[in-house]
Amino acid sequence: KVWIDCLLTKFIEGTTLDNLLKEELSADTLHSIATAFDRMALQLLSSPRAHGDLKPENIVIAPDFQSMQAIDWDAAYLPQLSGEQANEIGTAAYQHPARTMEMYDKHIDDYSIAAISTLLHAASIEANVLEYYRNNFEPPFSPRLITRRQTKQIDPIIDTFARKGMAAQYHIAKMLTSPTPRLFQLQTILELTAELS
């Protein structure tokens, strides 16, 4: 006999964010998707659990583009697991390079949330961002490089957010240069964004 862990959930209707981003989408649709992601991220940050491997393949968006749900929770953190070690550290394209197996707490999703939010909001205003994603299957900025202050990939995105008065997106994108994976102000910024929308 072989025992395999299995997590049962209700059926989630929709398509993965990864597949959706490969389609031709209008700027308005991309803005709706980015806003829906920020709402989902805020719910996740406000809960006692964390996902552990947030990436577009692990997010399902509803057909109306108004809501999202994370799937594939095998790397999740729960309060009952406090003091344990993580069994994985997520996907490199969406993770801070300083995240280790020892970092296993409520903040394991912080960097991934900032990276995906930045990707989606940038895609809604710059067509080349989505083109890069479709060609390379990852964002047009590397956590490994930008956390080493090699910011030529992220600087144009930050500058565009500043020019367009997108203050929340500007601050979240700036967080991607953080020397640590824990982004303690992220939840506050997303809460302020939710109040304004």
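## Exercises on two helices and the whole chain

On the other side of helix H4 from its buried residues, Ala 127 and Asn 135 are exposed. Let's work out the rest of the picture together. The model is predicted: local features need pLDDT of at least 70, side-chain atom pairs count only at pLDDT 80 or more, and totals for chains, interfaces and linings use all residues. Residues are numbered from 1 along each chain as its sequence is written, and side-chain values use heavy atoms, with hydrogens and water left out.

**Exercise 1.** Find the buried residues of H4 and what covers them.

*Solution.*
- Start with the cut-offs: buried means under 20% relative accessible area, exposed over 50%, and partly exposed in between (1.4 Å probe, protein chains only).
- In H4, residues 127-136, the buried ones are Val 129, Leu 130 and Tyr 133.
- These cover an arc of only 90° around the axis, which puts them on the same side of H4; the arc is that of the directions from the helix axis to the C-beta atoms.
- Their cover includes helix H1 (17-20), helix H2 (27-46) and helix H3 (110-125), where contact means heavy atoms within 4.5 Å.
- Finish at the end of the helix: Phe 137 follows H4, with a positive phi near 60°.

**Exercise 2.** Now do this for H6: which residues are buried, and what do they pack against?

*Solution.*
- Helix H6 spans residues 155-163, and its buried residues are Ile 157, Ile 158, Thr 160 and Phe 161.
- Looking down the axis of H6, you find these buried residues within an arc of 160°, so they line one face of the helix.
- They pack against H3 and helix H7 (167-175).
- After H6 comes Gly 165, whose phi is positive, near 70°.

**Exercise 3.** Place both helices in the chain by describing its elements, dimensions and burial.

*Solution.*
- Helices (H or I, at least four residues) and strands (E, at least two) are DSSP runs, numbered from the N terminus.
- The protein chain has 8 helices and 3 strands, in the order β-α-α-β-β-α-α-α-α-α-α from the N terminus on.
- Its radius of gyration is 16 Å, close to the 16 Å that the globule rule gives for 197 residues, so the chain is as compact as a globular protein of that length. The radius is taken over C-alpha atoms, and the rule is 2.2 Å times the number of residues to the power 0.38.
- Along the principal axes, the C-alpha atoms fill a box of roughly 55 × 35 × 35 Å.
- Buried residues make up 47% of the 197.
- Lastly, of the contacts between residues at least 6 apart in sequence, 67% join residues at least 24 apart.
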